[in-house]
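The following exercises concern a single protein chain. Please read each task, attempt it with the structure in view, and then compare your reasoning with the worked solution.

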Amino acid sequence: MSWIFTIFISALLLPPLSLILLGGISLGLLNRHRLLGKILCTTTLILLCALSMPVIADRLLAQFEHYPVINLAHPPAADAIVILGAGSYFDAPEYGGDTVSRYALERVRYGARLARATHLPVAVSGGNPAGGVAEAYLMRDTLQQDFNVATRWIEPHSNNTWANAHASRALLPSQINRIYLVTHAWHLPRAIYAFEHAGFTVIPAGTGYSLAKHINPIDFIPQPRGLTNSYFAIHEAIGLIWYRLKG
């Protein structure tokens with residue numbers, strides 16, 4: 001399945017486009033099926049409000065954060081560290097060109113800390129589905145220039161997590177079996193499934209946990225951060241189901 005087709009299908013299933021389409025359908029029904037149109041319109045508004053509230057969205061996303069934080073004072077034994085890409089920041093004027101996205105930077109930063117704590121070799125994985133320089137090269141440059149951490153292996157061809165896993169298995173030496181897998185905590189279940197399917201033994205190395213220890217009153221107000229986290233939560237749910245069907 002091509003990357004652009006996958007993105008198109010995802011956009012139809014995920015907010016906000018799915019809610020926009022649902023709202024449009026409800027408006028179209030108001031003339032001929034007024035009651036059904038009203039019910040559908042009300043449902044759309046309730047969903048938009050609920051999915052935009054951080055107090056709900058953060059808890060949806062936290063359902064995928066099953067794995068505890070690694071104790072870097074006593075890290076488990078492994079053969080290597082694999083850091084997954086998470087998009088690019090194109091034509092960044094302050095960097096003079098493409099660089100890693102804010103989400104990829106969170107992964108790279110934690111991967112660098114893990115590398116300093118374990119002294120293990122690092123692999124980076126990520127292609128360039130949207131064009132420009134492959135994410136893996138941008139991650140390598142960020143690791144070296146900003147964190148003074150060298151990259152041993154670069155996998156620049158994969159366009160999704162499933163491809164990350166199988167391309168990494170083809171790239172890494174056969175003796176590299178037990179790996180730290182660095183990605184967002186909510187992405188770990190899907191990523192681990194893909195990498196174990198590819199033949200790795202995975203130590204989850206999550207970052208960017210979503211659930212705060214304290215709830216603020218503002219978390220009950222609909223806002224963009226809430227809708228973003230709901231997007232990720234629904235995306236991971238659909239992706240995990242698809243991977244299990246594929247696997």
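**Exercise 1. In this predicted model, determine which residues arginine 178 is in contact with, leaving aside its neighbours within four places in sequence.**

Solution.
Step 1. Locate the residue: arginine 178 belongs to strand 6, which covers residues 178–184.
Step 2. Search for heavy atoms within 4.5 Å, the cut-off for a contact. Beyond the neighbours within four places in sequence, the search gives Pro76, Ala77, Ala78, Asp79, Ala80, Thr201 and Ile203.
Step 3. Examine the side chain of arginine 178: it reaches the backbone oxygen of alanine 77 at 2.6 Å.
Step 4. Classify the exposure. The relative accessible area of arginine 178 is 36%, and values between 20% and 50% are called partly exposed; therefore arginine 178 is partly exposed.
Step 5. Consider a residue elsewhere in the chain. Alanine 11 is 167 residues from arginine 178 along the chain, and their C-alpha atoms are separated by 35 Å.

**Exercise 2. Identify the residues that make the nonpolar surface patch of about 950 Å², and state which element gives the largest share.**

Solution.
Step 1. List the members: Ile4, Phe5, Ile7, Phe8, Ile9, Leu12, Leu13, Leu17, Ile20, Leu21 and Ile238.
Step 2. Assign them to elements. Those that give two or more residues to the patch are helix 1 (3–13) and helix 2 (17–29).
Step 3. Compare the shares: helix 1 supplies the largest, with seven residues.
Step 4. Check one member. Isoleucine 7 lies in helix 1. Patch residues must have over 30% relative accessible area, and isoleucine 7, which is partly exposed, has 39%.

**Exercise 3. Find which residues of helix 4 are buried and which helices they pack against.**

Solution.
Step 1. Apply the cut-off for buried residues, under 20% relative accessible area. In helix 4 (residues 54–62), Pro54, Val55, Ala57, Asp58, Leu61 and Ala62 are buried.
Step 2. Look for their partners: these buried residues pack against helix 3 (34–51) and helix 9 (224–246).

**Exercise 4. Describe the backbone at proline 16, aspartate 91 and histidine 119.**

Solution.
Step 1. Recall the general expectation: most residues other than glycine have a negative phi, and most peptide bonds are trans.
Step 2. Inspect the peptide bond from proline 15 to proline 16. This bond is cis, with omega near 10°. Proline 16 is in the loop between helix 1 and helix 2.
Step 3. Inspect aspartate 91 in strand 2 (residues 88–92). Its phi is positive, about 50°, although the residue is not a glycine. Aspartate 91 is exposed, with a relative accessible area of 62%.
Step 4. Inspect histidine 119, in the loop between helix 5 (102–118) and strand 4 (122–125). Its phi is also positive, about 60°, and histidine 119 is not a glycine. Histidine 119 is exposed, with a relative accessible area of 70%.

**Exercise 5. Explain why cysteine 41 forms no bond with cysteine 49.**

Solution.
Step 1. Recall that a disulfide is a covalent bond between the sulfur atoms of two cysteines.
Step 2. State the cut-off: the two sulfur atoms must be within 2.5 Å.
Step 3. Compare the distance. The closest cysteine sulfur to that of cysteine 41 is in cysteine 49, 14 Å away, so the two are too far apart for a bond.
Step 4. Conclude: the structure holds zero disulfides.
Step 5. Add the exposure of each residue. Cysteine 41 is partly exposed at 26% relative accessibility, and cysteine 49 is partly exposed at 35%.

Notes: Residues numbered from 1 in each chain as written. Predicted model: local features only at pLDDT ≥ 70, side-chain atom pairs only at ≥ 80, totals over all residues. Heavy atoms only, no water. Patch = residues over 30% accessible without salt bridge, like charges linked within 9 Å, V, L, I, M, F, W, Y side chains within 5 Å. Areas by Shrake-Rupley, 256 points an atom, 1.4 Å probe, with all protein chains shown as cover. Salt bridge = Lys/Arg side-chain N within 4 Å of Asp/Glu carboxyl O. Helix = DSSP H or I, 4+ residues; strand = E, 2+ residues; numbered from the N terminus. Buried < 20%, exposed > 50% of the residue type's maximum accessible area, 1.4 Å probe, protein only. Polar contact = N/O pair within 3.5 Å; in protein donor to acceptor, adjacent residues only side chain to side chain.
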